[in-house]
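Let's take a friendly walk through this protein, beginning with one residue and working outward to the whole fold. Keep the structure open beside you as you read.

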Amino acid sequence: MSINKLNKIQIGRYAENLMKIEFMRLGLEVYPSEVDDRGIDFVVGHDNNYYAIQVKSSRNLNYIYFKKDNFQPRVNLLAAIVLFNPSDTPSFYLIPSTRWDSPDGFFVSRDYLDKKSKPEYGLNLSKRNLPFLETYSIDNVFYNFL
């Protein structure tokens, strides 16, 4: 089955499950969240350290965002990104939420004052920006975070 046939909710759940499997592959304990009402999809644990994980995915290198009311940067909050490649296996990235404390052209912070949209942290994905994301490949950063 092609991932292009999945709707937005299905692709999000698929990405979350793939990310859980990836963390298990790396030897972490995975604790599912029964309700995603606080912007946490699941928790991972290793050596009495626990990290809240928020998963986002993209099929077409589109803009990814985290609503600020549910995603407040802190040491134990990580953004897990799953990029679906049409002809390849998915790519996994792990970004500390504190990275958004210093926004730039790739990691953005938008407050949308007096607008309909709620404040958010975002990731400007594009082919040109992929090298910036590669720094956060899960295999490159896993042992530094955990």
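## A serine in a loop

Serine 97 sits in the loop between β6 and β7 (107-110). Please keep in mind that this is a predicted model.

Is serine 97 buried or exposed? The relative accessible area of serine 97 is 0%, so this residue counts as buried, the cut-off being under 20%. And which residues does serine 97 touch, leaving aside neighbours within four places in sequence? They are Phe71, Gln72, Pro73, Arg74, Leu77 and Leu78.

## The overall fold

Stepping back, the protein is built from three helices and eight strands. Read from the N terminus, the order of the elements is α-β-β-β-β-β-β-β-β-α-α. The radius of gyration is 15 Å, close to the 15 Å that the globule rule gives for 146 residues, so the protein is as compact as a globular protein of that length.

If you would like a feel for the dimensions, the C-alpha trace spans about 45 × 35 × 30 Å along its principal axes. Contacts in the protein with a separation of 6 or more can also be sorted by distance along the chain: 53% of them are between residues 24 or more positions apart.

## Two nonpolar cores

In soluble globular proteins, nonpolar side chains tend to be buried together. Here, the largest nonpolar core has 22 residues, and those with the most contacts inside it are Met19, Phe23, Ile53 and Val55. At least two residues of this core come from each of α1 (8-25), β2 (42-46), β3 (49-58), β5 (77-83), β6 (91-96) and α3 (138-145). The element that gives the most to this core is α1, with five residues.

Valine 55 is a good place to zoom in. Not counting residues up to four places away in sequence, valine 55 touches Ala15, Glu16, Met19, Asp41, Phe42, Ala80 and Val82. There is also a second, separate core of 18 residues, which includes Ile64, Phe66, Ala79 and Phe107.

## Surface and charge

How many of the 146 residues count as buried? The share is 39%. On the outside, the accessible surface of the protein comes to about 8,800 Å², and carbon and sulfur atoms hold 48% of that area.

Finally, a look at the charges: the protein has 18 positive and 17 negative ones. The mean positions of these two sets are 8 Å apart.

Conventions
Residues are numbered from 1 along each chain as its sequence is written. This is a predicted model: local features need pLDDT of at least 70, side-chain atom pairs count only at pLDDT 80 or more; totals for chains, interfaces and linings use all residues. Side-chain values use heavy atoms; hydrogens and water are left out. Helices (H or I, at least four residues) and strands (E, at least two) are DSSP runs, numbered from the N terminus. The radius of gyration is taken over C-alpha atoms; the globule rule is 2.2 Å times the number of residues to the power 0.38. Buried means under 20% relative accessible area, exposed over 50%, partly exposed in between (1.4 Å probe, protein chains only). Contact means heavy atoms within 4.5 Å. Accessible areas come from the Shrake-Rupley method with a 1.4 Å probe; for residues, only the protein chains shown count as cover. Lys and Arg count as positive and Asp and Glu as negative; His and the chain ends are not counted. The place of a charge is taken as NZ of Lys, CZ of Arg, CG of Asp or CD of Glu. A nonpolar core is a set of buried Ala, Val, Leu, Ile, Met, Phe, Trp, Tyr and Cys residues joined through side-chain atoms within 4.5 Å.
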